[in-house]
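Student: Could you take me slowly through a single part of this structure, and explain the terms as you use them?

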Amino acid sequence: MPDKADISRDEARRIALAAQGFAKPRPNGRVDIRALRRVIDHIGLLQIDSVNVLVRSHYMPLFSRLGAYPRELLDDAVYKRRELFEAWAHVASLVPVESYPLLRHQMESDTPPWRHFRMWAEANKEYVDAVLEEVRERGPLTPKDLEDPGQRRGTWWMRSQGKTALEWHFRSGNVMAHSRPNFERVYDIAERVLPDEVLSQPAVPEREAQREFLLRAARHHGIGTVRDLADYYRLPVTRSKELVRELAEEGLLREVRLEGWKDPAYLHPEAKAPRRVEARALLTPFDPIVWERSRAKRLFNFEYLIEIYLPEPKRQYGYYVLPFLLGDELVGRVDLKADRKGGKLHAKAAYLEEGQDERRVAAALAEELRLMAEWLELDGVRVGRRGNLAGALRKALA
């Protein structure tokens, strides 16, 4: 990296994209486990989300970086190879097993909302203990497999008592995700999920673990503010300010001034700033490039809000809108749905960002949508009429 105090927004954007693996071309031919590992090394984790209007979100960051890879490659890495496991990291996530000792302190934390969770578990201790013992004796179980699954309550996201008890043990590290048929988590005791050499490692103390997570966040982001780095593993911002300052004083991070940013930024020493980034990718709303919306605004001048939770009349762009990355810019967005019954990838709406070339963006987006349709085993792409890019996109696909 050049030794200078100020970094332009364009350079910062390329640094961020390179850190996330977008400076490298997609692999030619069939994608294997080595390519998946390289992506995980760049991004650190995959956020899990239940929305399935297109594809489950944890599969998308790999597609964005690798192209049409076999989705069972990720399933095998998690539930057969046990190279990743489900944990609370950046919310519900898939993380490499070597992160397990760093997450142990979180399993014992008492911060909201876990404090209320702990209070429920203590008030229902006999039932909660019995659920764990049943899993231990009977093997992998879903909540409905329990001898006494309990009644569904109006709290804890309408969970049954059995589901709440299992989630408490999952949060505490007593049980883990054994598998996920049809996205339903199957629970088993930790000793039967992760290898002994992982489980036997001592817990990393909280302060040391948080320092390490902030360093990892800096490596995955390349460059970011304290708030950006803290958000990656959902660490408390106040504590993170202290730790990031400490890491900078030790030379493990470098404080820089970044064009247009009010707050100081911190650069990871391994960060690369390629002269060009030739990326083409649709990004899930839960991709690290855009999941911190203020960062997307600062880096890409891209205003982004996921509108799933808004009533339809209040949505500006659509229900499940994916930003479109072309080169080193976010040039548009498209509201996508996998119409599995009709066999089509439905682009319900497509929008061009101000100042972008309509024909160039439409042609590139058409290619990416064709690739996605093939990946999702759909017969083609159908484009709706909403959005200022819809007409050009239909022509490009035709």
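Tutor: What follows is a close look at strand 12 and the two strands beside it. The model is a predicted one, in which local features need pLDDT of at least 70 and side-chain atom pairs count only at pLDDT 80 or more, while totals for chains, interfaces and linings use all residues. Residues are numbered from 1 along each chain as its sequence is written, and side-chain values use heavy atoms, with hydrogens and water left out.

Strand 12 covers residues 329-339, where a strand is a DSSP run of E with at least two residues, numbered from the N terminus. Nine of its eleven residues are buried, so strand 12 is largely enclosed by the rest of the structure; buried here means under 20% relative accessible area, with a 1.4 Å probe and protein chains only.

Two strands are said to pair if DSSP finds at least two bridges between them. On one side in sequence comes strand 11 (residues 321-327), which runs antiparallel to strand 12 and is joined to it by six bridges. Among these contacts, P323 has R333 in strand 12 as its bridge partner, and the two strands form a hairpin with one residue between them.

Strand 12 also pairs with strand 13 (residues 344-352), again in the antiparallel sense, over eight bridges, and here A338 has L345 in strand 13 as its bridge partner. This second pair is likewise a hairpin, with four residues between the strands, and in its turn G343 has a positive phi of about 75°.

Note on methods:
Buried < 20%, exposed > 50% of the residue type's maximum accessible area, 1.4 Å probe, protein only.
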